[in-house]
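Student: I would like to go through some local details of this structure. Can we take them one at a time?

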Amino acid sequence: MTTTTRAAAPPPTRARGDVRGARRLFVVRELGIGLALVLLVAVTTIYNPRFLNAQSRKDLMLGATILIVLAVGQAIVVITRNVDLSVGSVLGLSAFATGKLLLAMPDAPIVLAVLAGVGLGMLCGAINGALIAIARVPALVVTLGTLYVFRGIDYSWAAGQQINAADMPSGFKRMGTQTLIGIPVLALFAVAVLLIAGFYLRSYRSGREMYAIGSDPAAARLSGIPVGWRVFTAMTLSGALAGLAGVLHAARFGTIDAAAGNGIELNVVAAVVVGGVAIFGGSGSVYGAALGALLLSTIGSALPVLRIDPFWQQAVVGALILAAIGLDRALTARIAHRLRGRRARGA
């Protein structure tokens, strides 16, 4: 009688546990941003209790809305190890185009104005994406160039003209001031964008592949991921959200000129980095980027209340960026050390 011996089952893989551990570390980083935000609001409120009255809360939400929308699009791009410096120019071009459309067609549905602004931004983003993915030009160089090109088109189109709030349709202006259950309608746009983008990156294969591209573009290409197409998609999405931000800018302020959004791209990149999205790609989330945008907007509102010189606002933002980059490198080193240790024990 022969007996058969069954091979021992291989030890359970630790990959899933490693991924969960890495995710916990990055969640802790985002919680730290939230804690800093709560602490800042608490200190400012103690100093001046009117900081959180109804109007101030509304102003805080409106002040962060446009930056959050831009930061979500930028986060998607940075996750793929790229950057989009043209978002401020796309915002300005989209805002002016929206104003011109509503002046020419005052009875046009608001949805048409929104779609027109988003479509123009998407076209600008597609131009960036094509130059990066097809021509293989670095994103930093491409978007630095299109920053000036799109802004130049905006200035040429405006030709010194300013669109006044009094000339804009009342229905469109109401969108910039109305609230729903105490939340500004414009802020609801930002919430919707954040939730959709977060769901896409987490639940769709193409979204998860963007993290793989950011982690190692060469390995992603060898594994069959269409790197060029994914980068093109990320840049197009960033452009579309910059176009939406231009529409929201027009609705909030009403008065529009060619300088709208000038310089905001640096604040957007800062919000993304402070929010925990690794500047080298492959990690972070749009939720962290939104928290970073909210924190920077709150700093801008809180420091004047605390009677701190505006110069220190820039110094604080710079310190936050350096701290975020340092923390990112420390977390990356810790995760790598943990993975090496587990693999050594499992060998």
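Student: Which side chain does the side chain of aspartate 84 join in a polar contact of 2.7 Å?

Tutor: This is a predicted model. Aspartate 84 lies in the loop between α2 (54-79) and α3 (87-104). At 2.7 Å, its side chain makes a polar contact with that of serine 86.

Student: Aspartate 84 is buried, so what is the nearest side chain of opposite charge, and how far away is it?

Tutor: A salt bridge requires a nitrogen–oxygen pair within 4 Å. Aspartate 84 has no salt bridge. Its contacts beyond four places in sequence include Gln74, Asn128 and Thr143. The nearest side chain of opposite charge is arginine 151, 11 Å away.

Student: Where on α5 do the buried residues sit?

Tutor: Helix α5 (residues 139-158) reaches 28 Å from its first C-alpha to its last, close to the 28 Å expected. Its buried residues include Thr143, Phe150 and Arg151. They cover an arc of only 155 degrees around the axis, so they lie on the same side of α5.

Student: Which residues are exposed on the other side of α5?

Tutor: The buried residues of α5 are covered by elements including α3, α4, α10 (227-253) and α11 (264-274). On the other side, the exposed residues are Val141, Tyr148 and Ser156.

Student: Is isoleucine 110 buried, partly exposed or exposed?

Tutor: Isoleucine 110 is in helix α4 (residues 110-133). Beyond its neighbours within four places in sequence, isoleucine 110 touches Gly171, Phe172 and Met175. Buried means under 20% and exposed over 50%. Because its relative accessibility is 31%, isoleucine 110 counts as partly exposed.

Conventions. Residues numbered from 1 in each chain as written. Predicted model: local features only at pLDDT ≥ 70, side-chain atom pairs only at ≥ 80, totals over all residues. Heavy atoms only, no water. Helix = DSSP H or I, 4+ residues; strand = E, 2+ residues; numbered from the N terminus. Buried < 20%, exposed > 50% of the residue type's maximum accessible area, 1.4 Å probe, protein only. Lys, Arg positive; Asp, Glu negative; His and termini not counted. Polar contact = N/O pair within 3.5 Å; in protein donor to acceptor, adjacent residues only side chain to side chain. Contact = heavy atoms within 4.5 Å. Expected span 1.5 Å × (residues − 1). Arc of directions from axis to C-beta.
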